[in-house]
Amino acid sequence: MGPAQLFDFNLMPFNSRVSAVDSCDHLITIYIDGHAVQACAGESIAAALLAAGRRVFRHTSKTDAPRGLFCGIGVCHDCLVTVNGRAHVRACVTPVAENMRVVTEKSQQPWPDVDGDEPAASKRDVTAEVAVVGAGPAGLEAALAAAEAGVQVILLDSAPQVGGQYFKRPSRATESIRRNEVFTPLFRRLQQAAALRVLTDTLVWGAFPDEDGWLLTLHGPEAPVRLHARTLILAPGAYDRPIAFPGWTLPGVMTAGGVQTLLKSQGILPGQRFVLAGAGPLQWVLAAHLVEAGAEVLAVLEATPLARLLRLRHLPALWGQAERLQEVWRAWRTLRWARVPMRLGWGVIRAQGGDEVEAVTIAPLDDQWRPQPLRAETLIADTLVIGYGFLSSTQLTRLLGCIHDYEPRQGGWIPRRDAWMQTSLPGVFAVGDGAGVGGALLARLEGRIAGLRAAHDVGRVDANALTASTRNLWGPLRREQRFATLLGELFTPEPGIYTLASDDTLICRCEEVRLRDIRKARAAGAKTLNEIKGLTRAGMGRCQGRICGPLAAQALTENTSPDRNQSVQELGMLSVRPPIFPLTVAELAQASPQNKINSNSNPEMTHLKHTPHSP
Amino acid sequence: MTTQPDILIIGGGFAGLAIAYHLARRGAKTLLLEAERIGYGASGACAGRAQLSESHRGLHMTLALAGMARLTQLEGELGREFEWRRLGNLMLIQQSHHWHWWTEQVAYLQDVGAQAAMLGPDDLAEAEPHLRRDGFLGAAWCLEGHLNPFKLMWAYADAARRLGAEIRQGVRVTGFRRVARRVLSVQTDQGQSVAAARIVVTAGAWTGKLLRRMGVHLPVQFTHAEAVISEPLPPMLHHHVGLANFYETIHNARKAVSIGVAQQKHGALLITEAVEQTPYIHRANSAWGLPDIARELLALFPALTNVQLMRAWAAASPFLPDEHPGIGWIPGLNNVFTATCFHNTITTIPILSEIMAQMLLDEHPDIDLSPFALDRFKNGTGATF
């Protein structure tokens, strides 16, 4: 990434463009299903589609069901559109370009066009002492800490800019100033760190053990194809925890993270009449932002009841968290002034509509978060925002074979780490929300600790210097861990929420597998998610089980079971396989290290027989 | 199972599960232990092809034909569907010596009643319009079969359970109690000791390792193979398409790719395979396998340029030095049977498993499997019993 691009972030002007293109400073023309539409340069295709009033992005191939934007951050693979003849492009993470042809996808897919960009000639391998994957708060700090100690670092991110989900390109001036208090110094250090190379627009699709370290396989317009590194620091972040209920696949149901991205960095209000359902302060803050942006918020439903929020024993963990409490307080005040109904102990039970959300049914929840349908109410709304917390992205640590533990209050399955953030594999560190959800401050501390430790391990920092440079980090680390623990205790969904899905509800959005089929596989004797995947196809789709895996495990577990977590653990994790994001045949072929294969004879192994096409 | 099983099977792949079914059908008290989960090894990683075209003359072909006949009725027999269908296999031929070999093989296939033919370049282009046009003398075609390997295994497992067999997953056999010429019991990682009158080892690539723990050395080797699956596509491929020089390509190679591709029932292309020699069994994909498969696939099917590849996987496949299966009682032991390193596994298992069950119960099967017996490794082949 060039400095100019980063600078652009810093000087990002006030942008009040909300569900309209008139205040955009650089309009371009794109074609949506053949119709010319004005879009704002730099925004995502999803933002442009929503601004043009298009909420249905495609219809599924199996059941012809409508789909639109759901996760909004590139995880769920539901917002697929055809772009310049190229099928199944994620609209939420792909920026618009002048004269781009965007076609919403019909259930009967045409053959993927062979035209398109010529794959670039095979690009060189690169080497680093430390590779940092993910340029959010954790990855930035890790990369800086190591690079400033003189370590040769390469920092990778699939997005066009550094910053991750947290330091999103802000569209509101106040937001921009507050974020930049933190981000500007980080960014300045980023520019000054001579030993640091930043590769944005670079997707990591595989991680493999290599001689004397690790090998990452990469894809991107300017990316090298392979990166060798002695040490890996993985900071992949988190994504919204999926909750399945009837109607949750309708266009208009979106995650809080997705809506926040649209609002904050795209300046798009993706609906008019909103209902927010979830748990935790982030959705209150989001609701306040929506109100300020002019949305009608019909209700904010907080699953955790007031009585539980007000327990005194929570007080110690709030020590040192004034700024956060203030942010929540401000949001609360905004919502009060706007007379937004805030219901504690309530949740969504159903979304209804034909091709998109038209109504949302809500109900009070009992202490296990089971809905009480007799007291249900139906609200006429067009957008339902789901914010039940986050799950750690663990594809890379799982692919590498790190040991993971099931920690339901910290983001599900998370890699086991030592005090220095090192996983069970020596030389592989995991930091930030991808290693247990704890927020940006905790992520930055973890990143710094891992970066310094990695610098020590490659010989750039001696033991004394390591001790000295980390001395002041452990106290704040414990403070942030305490706070993260509190949030986890208060807002992790109770098992009743997983009773919302009925037999007919889709669990696997990609392969359209219903809870009924998953239950059947379980009843037939499948004991793990991997077996269920083999029998039902749940988890075989484009998102690689990121959405359905955790959901299936929860939905299959008896709510009343006292050792519920044990049962979820026994279902295990879905295997992670490369590529961890789908790539085309041509894109993967580019990563082939040799021009000519099959020439690598070894005369000693003359007994090698076929492994046949089938065994 | 509260009482001691008559027969204990170690390994829950095609072979172990099918044998369990036939044993249970015959009333034998059967227990199967699987270290991980059903189909964890090569059975669960395979492409689901019921192969026939490359069968050698003699016993191999006899088994393949009988197995294929059995497969066509097996969904009914087991009471569960496993997506069985007939699917042609096209072996693309680039060199004249392959053309000659396949011309003879096709004649032989026709003689034994299989549907087979040689296709010239024009026929080939008509058969698979998306295939690259140049560079092929033609292809050999043979009607084979295809199924969902998971569902076949689960159909066997289900049927076996219904007939009283017990199948336990996640129970690893860690050792054996051997006294003289008998193995009396096995130890598991759950701390149990399971005694059985007879023990069957059907652990695929792990078979050699298990047998070593009872003091038997059988030279089971293995290769590591990777495969990948695409996004679902509209119907575009009508056969399994492979290369006639498959064996030549991978023989002697430390790493090699030879493409085989078939469109699955739901539309995805299943693409095999990158082969690598490995000193230990593992299931990890390599950094080179997937890119090299993609490149070779593109060379065959330029139209696949912008088709997305979704997921790769890998498994170890076992073989014996003479490349024939190893089936029979372990020489030097009175009560241990093994079956591994099959040819055309999916095609032959439906018939082999019944024969093996008969052997295990001292019945007299119609087909004699003694050519696959293990005593062929007794002299000078590195085996110790």
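Which residue stands opposite Ile7(B) in E2(B)? The partner is Thr30(B). The model that shows this pair is a predicted one, and the pair is a convenient place to enter chain B.

Strand E1 (residues 7–10) and strand E2 (residues 30–34) of chain B run parallel and are joined by 4 bridges. Both belong to an open sheet of 6 strands in chain B, ordered E7-E2-E1-E11-E18-E17, with mixed pairing. The edges of this sheet are strand E7 (166–169) and strand E17 (326–329) of chain B; each has a single partner strand, so one side of each is left without a neighbour in the sheet. Direction ignored, neighbouring strands here are turned by 15 degrees against each other on average. Helix H1 (residues 14–25) of chain B packs on the sheet, where it touches E1, E2, E7, strand E11 (198–201) and strand E18 (336–340) of chain B. The direction of helix H1 makes about 165 degrees with that of E2(B).

Chain B also holds an open sheet of 3 strands, in the order E8-E9-E10, and its pairing is antiparallel. Strand E8 (173–179) and strand E10 (193–195) of chain B are the edge strands, each pairing on one side only. In this sheet the average turn between neighbouring strands, direction ignored, is 30 degrees. E8(B) is joined to strand E9 (residues 182–188) of chain B by 6 bridges, and the two run antiparallel. Within that pairing, Arg178(B) stands opposite Val183(B) in E9(B).

At the level of domains, the assignment for chain B gives domain 1 (7–47 + 150–219 + 322–377) and domain 2 (86–146 + 221–319). Their C-alpha centres lie 30 Å apart. Where the domains meet, 12 residues of domain 1 of chain B are in contact with 15 residues of domain 2 of chain B. The domain 1 side of this contact has 7 nonpolar, 4 polar and 1 charged residues.

The next step is from chain B to chain A. The contact between the chains involves 69 residues of chain B and 56 residues of chain A. On the chain B side, strand E16 (residues 308–319) gives the most, with 8 residues. By class, the side of chain B that touches chain A divides into 35 nonpolar, 22 polar and 12 charged residues. E16(B) also takes part in strand pairing across the chains: strand E29 (residues 583–584) of chain A pairs with E16(B) in the antiparallel sense over 2 bridges. In this pairing Leu583(A) stands opposite Leu309(B). Strands of a sheet pair through backbone hydrogen bonds, either parallel or antiparallel.

Chain A itself has 17 helices and 29 strands. Of its 615 residues, 57% are buried. Among contacts in chain A with a separation of 6 or more, 67% are between residues 24 or more positions apart. The chain is divided into domain 1 (3–104), domain 2 (125–239 + 391–461), domain 3 (253–388) and domain 4 (501–571). The C-alpha centres of domain 2 and domain 3 of chain A are separated by 31 Å.

Strand E22 (residues 383–387) of chain A shows burial on a local scale. Here 5 of the 5 residues are buried, so strand E22 is largely enclosed by the rest of the structure. Thr383(A), Val385(A) and Gly387(A) point one way from E22(A), while Leu384(A) and Ile386(A) point the other way. In a regular strand the side chains alternate between the two faces of the sheet. E22(A) runs parallel to strand E15 (residues 253–255) of chain A, to which it is joined by 3 bridges; Val253(A) stands opposite Leu384(A) there. E22(A) also pairs in the parallel sense with strand E16 (residues 273–278) of chain A, over 5 bridges, and Gly278(A) has Gly387(A) as its bridge partner.

The last topic is the nonpolar interior. In soluble globular proteins, nonpolar side chains tend to be buried together. The largest nonpolar core in this model has 334 residues, and Ala287(A) and Ile507(A) have the most contacts inside it. Helix H10 (residues 439–457) of chain A supplies the largest share of this core, 10 residues. Leaving aside neighbours within four places in sequence, Ile507(A) has contacts that include Ala244(A), Val513(A), Arg514(A), Leu515(A), Ile518(A), Cys548(A) and Leu551(A).

Notes
Residues are numbered from 1 along each chain as its sequence is written. Chains are lettered from A and ligands numbered from 1 in the order in which they are written. This is a predicted model: local features need pLDDT of at least 70, side-chain atom pairs count only at pLDDT 80 or more; totals for chains, interfaces and linings use all residues. Two residues are in contact if their C-beta atoms, placed from the backbone, lie within 7 Å. Ala, Val, Leu, Ile, Met, Phe, Trp, Tyr, Cys and Pro count as nonpolar, Asp, Glu, Lys and Arg as charged, and the others, Gly among them, as polar. Two strands pair if DSSP finds at least two bridges between them. A nonpolar core is a set of buried Ala, Val, Leu, Ile, Met, Phe, Trp, Tyr and Cys residues joined through C-beta atoms within 7 Å. A residue is buried if 20 or more other C-beta atoms lie within 10 Å of its own, exposed if 12 or fewer, and partly exposed in between; C-beta atoms are placed from the backbone. Domain bounds come from an automatic or database domain assignment. Axes are lines fitted to C-alpha atoms, for helices over the stretch in contact, and angles run from 0 to 180 degrees between N-to-C directions.
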